[in-house]
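Me: I'm new to this one and would like a close look at a single part: the place where the two chains meet. Could you walk me through that, and then through whatever helps me find my way around it?

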Amino acid sequence: MKHSISLKVNGDTYHLAVDPWKTLNEVLREELNLTGTKLGCGTGDCGACTVLVDGRSVSSCLTLAVEMDGKEITTVEGLAPSGERLHPIQKAFIEKAAIQCGYCTPGMELSALYLLKNNPSPTEEEIREAISGNLCRCTGYKKIVEAIAAAAKEMKE
Amino acid sequence: MTLPKFEYLAPETAEEVCRLLKERGKAAKVMAGGTDLLVSLRNRQSRPAAIIGLKGIKPLALIVFDKKKGLSIGATALLSDVASHKDISKMYPAIAYAARQTATVQIRNMGTVVGNICNAAPSADNAPTLLAMGAELIIMGIRGEKRLPLARFFKGPGITALGKDEIVISLFVPLPPPHSGISYQHISARGKVDISAVGVGTMITMEGKKCKYARIALGGVAPVPMLAKKAEKRLTGKMLIPDVIEETALQAAEESKPISDVRASAEYRRKMVAVLTRRALLEAKKRAGL
């Protein structure tokens, strides 16, 4: 039996009928065509699928869509809604060359957003801790940490 | 990579969960955060016909601290909420720490402390401190509610004392006695993201300079999180001088029954029990005001 749910993604409300075994990741990518959110391991280890649900970072691969009724979701597409003006986190990732293959980037940026909302002036240690659930297969962590520190500075100004 | 098909049930009360469990039997699985259950579905280690979601039952998400009675952690209270809770951080620092040391930010925003306990992994990060503090589980079944000491809950890896129609609705932790200190120490090969190879939780209660009462709980070194009772006895009535702490740590290592697996060898685990017991006792001693 399909379940009808209403959820807000990046400010837009969607009414959907979902199978109970569909994950939020599948619904975002396959039904809403929001393919910015990636799928990596599917078991909550890599963080490529990270999105915010009611302001908290979660693994969308381990989140059932049926449990998302009434929730507000932010994906990487929500960071720059117009598609023209990038979010300070995105700008910092480009400026600091924190992107190599790019697969971990959406998840990294949402983990960064979650960190900076709760802790606007993180130490390097706190940044590293905040992205410990996001794997970068290119191992470009140093640049990512620098980008998040730069974004923190920019967002405070 | 998709999940196998299942039916999703969203009861509104805990009583309804018990009724559904009785009706459906083993074909139904209860889900709080889903961070363990959905992984086992994805790996086809578990194929329930139905999942009973607990998140719609609002009272189960509560964390309540009562200055006179103690702490109650509801079945769906998130690891991140326990980790950052002001009263828990102040009165039960090792419980907050253990929750904060479990998995990653994302998993802590989804997973629950009670779920970590109910999955009954020998290495569950939240078990040792709770065992050391004498926590109890509030269990609901078709025939009503009961309380069970956590020390009697674990029956084997992944096996608990829960009956077929029963669920844990909350976890109760008594107030730490005056002049007591608690600590949780753990170690794993890959920092905190990986499951702990060994964890040690302790609570010591002092009377003057002597230890009146001690509890030492070990994780990851036996089929279930266990109490090191002989080690506890070594501390009782003694001053916490380095020799006594060392003797207790070695006794705890001797009592542990570790196995070798992908995370660590039995020999390494046994050594780490001594190291972590020493660290835990020193921190607990400090927190007890000594």
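Reply: What follows starts where the chains touch and then moves on into chain B. Keep in mind that this is a predicted model.

Let's begin with the meeting of the two chains. On one side, 28 residues of chain A take part, and they are in contact with 30 residues of chain B. Together the chains bury about 2400 Å² between them, and carbon and sulfur atoms give 58% of that. If you want landmarks on the chain A side, pick out Trp21(A), Leu62(A) and Glu67(A): these lose the most area to chain B, and together they make up 28% of what that side buries.

Now for the polar side of things. Between chain A and chain B there are 13 residue pairs in polar contact, counting pairs with both residues at pLDDT 80 or more. Which elements of chain A give two or more residues to the side that touches chain B? They are β4 (56-59), α3 (105-118) and α4 (124-130) of chain A. Of these, β4(A) gives the most, with 4 residues. Sorted by class, that side of chain A has 10 nonpolar, 14 polar and 4 charged residues.

Salt bridges are there too. The rule finds 4 of them across the interface of chain A and chain B, while a search of the whole structure, over all chains, finds 15. A good one to zoom in on is the bridge between Arg56(A) and Asp81(B), whose side chains meet at 2.7 Å, N to O. Arg56(A) sits in strand β4 of chain A and Asp81(B) in helix α3 (residues 79-84) of chain B, so this pair joins two chains. Are these two partners buried or exposed? Arg56(A) counts as partly exposed, at 25% relative accessibility, and Asp81(B) is partly exposed as well, with a relative accessible area of 27%.

Another bridge across the interface runs from Arg108(B) to Glu129(A), where the closest N and O atoms are 3.7 Å apart.

Some salt bridges stay inside chain B. Lys146(B) forms one with Glu166(B), with 3.1 Å between the closest N and O atoms. This pair links distant parts of the chain: Lys146(B) is in strand β7 (residues 144-149) of chain B, whereas Glu166(B) is in the loop between β9 (159-160) and β10 (167-174) of chain B, 20 residues apart. Lys146(B) is partly exposed, with a relative accessible area of 39%. Glu166(B), at 15%, is buried, because buried means under 20% relative accessible area.

For a pair within one helix, look at Arg287(B) and Glu283(B), whose side chains meet in a salt bridge at 3.4 Å, N to O. Both lie in helix α11 (residues 266-287) of chain B, 4 residues apart, which is about one turn of the helix. Arg287(B) counts as partly exposed at 36% relative accessibility, and Glu283(B) does too, at 28%. Elsewhere, salt bridges that share partners join Glu129(A), Arg100(B) and Arg108(B) into one network.

Next, back to the loop between β9 and β10 of chain B, which is also the place of Leu162(B). Leu162(B) is partly exposed, with a relative accessible area of 26%. Which residues is Leu162(B) in contact with, leaving aside its neighbours within four places in sequence? The contacts are Ile139(B), Phe153(B), Ile167(B) and Val168(B). As for Ala49(B), it is 113 residues from Leu162(B) in sequence and 20 Å from it in space, C-alpha to C-alpha.

Two more pieces of chain B round out the tour. Helix α5 (residues 93-100) has 6 of its 8 residues buried, so the helix is largely enclosed by the rest of the structure. The buried residues in α5(B) are Pro93(B), Ala94(B), Ile95(B), Ala96(B), Ala98(B) and Ala99(B).

The other piece is an open sheet of 4 strands in chain B, in the order β11-β12-β13-β14 with antiparallel pairing. Its edges are β11 (180-187) and β14 (226-227), each with a single partner strand, so one side of each is left without a neighbour in the sheet. At the β14(B) end, strand β13 (residues 210-219) of chain B pairs with β14(B) in the antiparallel sense over 2 bridges. To spot that pairing on screen, find Met226(B) in β14(B): Met226(B) is the bridge partner of Leu218(B).

Methods. Residues numbered from 1 in each chain as written. Chains lettered and ligands numbered in written order. Predicted model: local features only at pLDDT ≥ 70, side-chain atom pairs only at ≥ 80, totals over all residues. Heavy atoms only, no water. Buried < 20%, exposed > 50% of the residue type's maximum accessible area, 1.4 Å probe, protein only. Pairing = 2+ DSSP bridges. Contact = heavy atoms within 4.5 Å. Buried area = accessible area lost by both parts, 1.4 Å probe. Polar contact = N/O pair within 3.5 Å; in protein donor to acceptor, adjacent residues only side chain to side chain. Nonpolar A, V, L, I, M, F, W, Y, C, P; charged D, E, K, R; others polar.
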